[in-house]
Every structure is written in structure tokens, then in C-alpha cells.
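Trainee: Could we go through this structure together? I should like to begin with the overall fold and then turn to the interior.

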Amino acid sequence: MKKLGILLIICCCSTGGLKAQKAQKLGWIWGPSVGWQYQSGNFLKASGWGLFAPNERQYIKINAGANFTWMQSKTTVVPELGFTYYLSNSLILPFVQAEVTPYTLTPKVGISMLSILDLGIGYGFHMKTKEDFKPLKGLTGSVTLNIPLNFY
């Protein structure tokens with residue numbers, strides 16, 4: 001009887017593990033995002049993103065988009081690629097993030113509410129100055145709203 005109980009527990013745990021693995025293989029959660037960032041000036045951020053779970057407790061988000069600004073009496077668009085690593089699967093998720101544009105590399109840390117609302121702070125390292133524009137570098141802060149279009 002004891003052996004039957006142990007076998008039943010092993011089978012249940014194995015089935016649960018398979019279900020969790022199968023859920024991870026279902027695909028990406030994806031959608032658009034919109035936000036605000038300050039880095040040597042105000043930017044409106046718009047992007048598309050995809051999020052997946054490499055395991056049951058962590059998430060990785062990849063996004064590509066553009067930053068729009070109206071500085072120095074002209075409109076400027078700066079393309080951006082970002083990677084975010086969420087360190088938990090609770091209501092409040094701490095994260096580390098890296099954003100790269102043709103002009104800066106910006107590492108950030110922050111907190112997120114269910115990976116829907118991200119609050120980040122970081123520092124932008126100057127790589128190149130855009131022609132007829134000021135250098136984009138220094139302390140940065142951002143607020144981003146990620147809108148999921150699917151949930152699995």
C-alpha cells in the first residue's frame with residue numbers, strides 16, 4: 001500500500017511537471033506598449049513586444065519600437081530595441097532591462113505590476129550623437145504600459 005501511494009505521488013508530480021512544460025511551449029504573450037521616458041528630454045515610447053517564460057518563475061520580454069521627441073524645435077524619432085528580464089511571477093515583479101538605440105545603451109532596474117505597468121530607472125551611456133541633435137545620455141526614468149493581446 002505504501003509503495004502504491006509513493007507511485008501515485010510520483011505520477012501526479014510528473015504529470016504536473018509535464019503540464020507546466022507544455023504550458024511553456026504554447027508560445028509567446030505579445031502586444032503593443034506605450035510609455036514615457038526622460039533621458040536628456042521627454043520621449044513618447046511606442047513599441048511591439050513579446051514575452052515568454054524560460055521557467056515557471058521568470059519571464060523575458062523582447063521589444064522593438066520608436067521613441068518620439070519634440071526637442072530643439074523639431075520632431076525626432078529614435079528606433080529602440082529592448083530586453084527585459086522579470087525575476088519573479090508574483091503581483092509585483094522586479095526586473096532588469098537593457099535598451100539600445102543607435103545613440104545610447106541604457107541599462108535599467110525597476111518594478112512591474114504583472115508585467116503590464118513597468119516603472120524603471122537607469123543610466124544612458126552615450127555611444128554617438130545624432131546629427132543636429134543633443135547627446136542622449138545620463139539618468140533616465142520611464143513608465144510603460146504593456147497591453148497583452150493574448151494570455152497564453
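Mentor: The discussion below takes up the strands, the cavities and one aromatic pair. Please note that this is a predicted model.

Trainee: How many strands does the closed barrel have, and in what sense do they pair?

Mentor: The barrel is closed and has eight strands, in the order β1-β2-β3-β4-β5-β6-β7-β8, with antiparallel pairing. On average, neighbouring strands of this sheet are turned by 25° against each other, direction ignored.

Trainee: Take β2 and β3, then. Over how many bridges do they pair?

Mentor: Nine bridges join strand β2, residues 42-52, to strand β3, residues 59-71, in the antiparallel sense. Within this pairing, Ala64 in β3 stands opposite Gly48.

Trainee: Let us move inside. How many cavities of 30 Å³ or more are there?

Mentor: The count comes to two cavities. The largest has a volume of about 160 Å³, and the second largest about 90 Å³.

Trainee: Which residues are closest to the centre of the largest cavity?

Mentor: They are Lys45, Ser47, Asn63, Glu99 and Thr144, out of 19 residues that line the largest cavity.

Trainee: Which strand gives the largest share of that lining?

Mentor: That is β3, with six residues. At least two lining residues come from each of β2, β3, β5 (92-100) and β8 (138-146).

Trainee: And how is the lining of the largest cavity divided by class?

Mentor: It has nine polar, six charged and four nonpolar residues.

Trainee: What about the second largest cavity: which residues line it?

Mentor: Its lining includes Gln37, Phe43, Asn67, Glu80, Glu99 and Leu136. Glu99 is thus a name you have met already, as one of the residues closest to the centre of the largest cavity. Strands β4 (74-86), β5 and β6 (104-113) each supply at least two residues of the lining of the second largest cavity. By class, this lining has six polar, four nonpolar and two charged residues.

Trainee: A change of topic: how many aromatic pairs does a search of the whole structure find?

Mentor: The search finds three. In one of them, the rings of Trp28 and Phe52 have their centres 4.7 Å apart.

Trainee: Why is that pair classed as tilted?

Mentor: The planes of the two rings stand at 50°, so the pair is tilted; planes under 30 degrees apart would count as stacked and those over 60 as edge-to-face.

Trainee: Which parts of the chain does the pair tie together?

Mentor: Trp28 lies in the loop between α1 (2-24) and β1 (29-38), and Phe52 in strand β2, so the pair ties together parts that are 24 residues apart in sequence.

Trainee: What are the relative accessible areas of Trp28 and Phe52?

Mentor: Trp28 has 41% and is partly exposed. Phe52, at 24%, also counts as partly exposed, because only values under 20% are called buried.

Terms used
Residues numbered from 1 in each chain as written. Predicted model: local features only at pLDDT ≥ 70, side-chain atom pairs only at ≥ 80, totals over all residues. Heavy atoms only, no water. Pairing = 2+ DSSP bridges. Helix = DSSP H or I, 4+ residues; strand = E, 2+ residues; numbered from the N terminus. Axes fitted to C-alpha atoms, helices over the stretch in contact; angles between N-to-C directions. 1 Å grid on protein atoms, 1.4 Å probe; cavity = no way out; pocket = protein on both sides within 12 Å on 5 of 7 lines; lining within 4 Å. Points joined across faces, edges and corners; volume = space filled by probe spheres on them. Nonpolar A, V, L, I, M, F, W, Y, C, P; charged D, E, K, R; others polar. Phe/Tyr/Trp six-rings, centres within 6.5 Å; stacked < 30°, edge-to-face > 60°. Buried < 20%, exposed > 50% of the residue type's maximum accessible area, 1.4 Å probe, protein only.
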